[in-house]
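This report describes how one protein chain is laid out, with attention to its sheet, its aromatic rings and its surface. The sequence and the structure are shown first, and the description follows.

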Amino acid sequence: ANANTPEKEEEERELAPSSLAPQTPGISPSGAVFELYGAVFHRGGAESGHYVSFVRGDGDDWHLYNDSFVRASSWEEVRAQRDSFMLFFNKL
């Protein structure tokens with residue numbers, strides 16, 4: 001299991017879905033805790049574009065999947081994206 005760090009707690013707060021309790025981001029009304037492990041973003045306009053995804057590997061390592069390549073990424077790059085299309089969470 002990954003240790004809670006200030007960075008991980010910030011990550012959970014910033015990308016918590018709106019269905020989670022607003023007073024305690026990252027915790028559902030039932031008390032379950034969720035951890036972000038993937039995010040999909042659309043790049044381009046309504047008429048064209050493509051999707052890219054960021055996935056967290058072991059620890060806090062993030063990777064960008066974009067068409068035919070994969071490269072190392074970071075939480076800062078994920079956080080800088082706008083207009084997420086889909087977020088993936090693990091229930092802890």
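In this predicted model, Phe41 stands opposite Val52 in S2, and this facing couple is a convenient place to enter the sheet. The strands concerned, S1 and S2 (residues 49-56), pair in the antiparallel sense, and seven bridges hold that pairing. Four residues lie between S1 and S2, and the two strands form a hairpin.

**The chain as a whole**

Seen as secondary structure, the chain comes to two helices and five strands, and along the sequence these elements follow the pattern α-β-β-β-β-α-β. The chain has 92 residues, of which 28% count as buried.

**The sheet and its pairings**

The five strands form an open sheet, whose order is S4-S3-S2-S1-S5 and whose pairing is antiparallel. S4 and S5 stand at the edges with a single partner strand each, so one side of S4 and one side of S5 have no neighbour in the sheet. From one strand to the next, the twist averages 20°.

At one edge, S5 pairs with S1 in the antiparallel sense, over seven bridges. Two facing couples can be picked out in this pairing: Val40 stands opposite Met86 in S5, while the bridge partner of Phe34 in S5 is Lys91.

At the other edge, S3 is joined by five bridges to strand S4 (residues 69-73), and these two strands run antiparallel. Here Asn66 stands opposite Phe69 in S4. S3 and S4 form a hairpin with two residues between them. One residue of the turn is Asp67, whose place is in the loop between S3 and S4. The phi of Asp67 is near 55°, which is a positive value in a residue other than glycine. With a relative accessible area of 67%, Asp67 is exposed, because the cut-off for that class is over 50%.

Strand S4 also holds Val70, which is partly exposed with a relative accessible area of 46%. Although Val70 and Phe54 are 16 residues apart in sequence, the distance between them in space is 9.5 Å, C-alpha to C-alpha.

**Aromatic pairs**

Which rings pair with each other, and how are they set? The count comes to four aromatic pairs, among them the pair of Tyr37 and Phe88, which is tilted, with 6.1 Å from centre to centre and 50° between the planes. This pair links distant parts of the chain, since Tyr37 is in strand S1 (residues 34-44) and Phe88 is in strand S5 (residues 84-91), 51 residues apart. Tyr37 is partly exposed, at a relative accessible area of 30%, and Phe88 also counts as partly exposed, at 32% relative accessibility.

Another tilted pair is made by Trp62 and Trp75, whose ring centres are 6.0 Å apart and whose planes meet at 35°. Because Trp62 lies in strand S3 (residues 62-66) and Trp75 in helix H2 (residues 75-80), this pair ties together parts that are 13 residues apart in sequence. Trp62 counts as buried at 1% relative accessibility, and Trp75 counts as buried at 8%. Both values fall in the buried class because its cut-off is under 20%.

The accessibility of these four ring residues is set out below.

| Residue | Relative accessible area | Class |
|---|---|---|
| Tyr37 | 30% | partly exposed |
| Phe88 | 32% | partly exposed |
| Trp62 | 1% | buried |
| Trp75 | 8% | buried |

**A nonpolar patch on the surface**

Phe88, already described as a ring partner of Tyr37, also belongs to a nonpolar patch on the surface, which Phe88 forms with Tyr51, Phe85 and Met86. Together these residues have about 390 Å² of accessible area. The element that gives the most to the patch is S5, with three residues, and Phe85 is found in that strand. Met86, another member of the patch, is the residue that Val40 stands opposite in the pairing of S1 with S5. The patch thus brings the description back to S5, one of the strands at the edges of the sheet.

Note on methods. Residues are numbered from 1 along each chain as its sequence is written. This is a predicted model: local features need pLDDT of at least 70, side-chain atom pairs count only at pLDDT 80 or more; totals for chains, interfaces and linings use all residues. Side-chain values use heavy atoms; hydrogens and water are left out. Rings of Phe, Tyr and Trp (its six-membered ring) pair if their centres lie within 6.5 Å; planes under 30 degrees apart count as stacked, over 60 as edge-to-face and the rest as tilted. Buried means under 20% relative accessible area, exposed over 50%, partly exposed in between (1.4 Å probe, protein chains only). Patches are made of residues with over 30% relative accessible area and no salt bridge: like charges are joined within 9 Å, nonpolar side chains (Val, Leu, Ile, Met, Phe, Trp, Tyr) within 5 Å. Accessible areas come from the Shrake-Rupley method with a 1.4 Å probe; for residues, only the protein chains shown count as cover. A salt bridge is a side-chain nitrogen of Lys or Arg within 4 Å of a carboxyl oxygen of Asp or Glu. Two strands pair if DSSP finds at least two bridges between them. Axes are lines fitted to C-alpha atoms, for helices over the stretch in contact, and angles run from 0 to 180 degrees between N-to-C directions.
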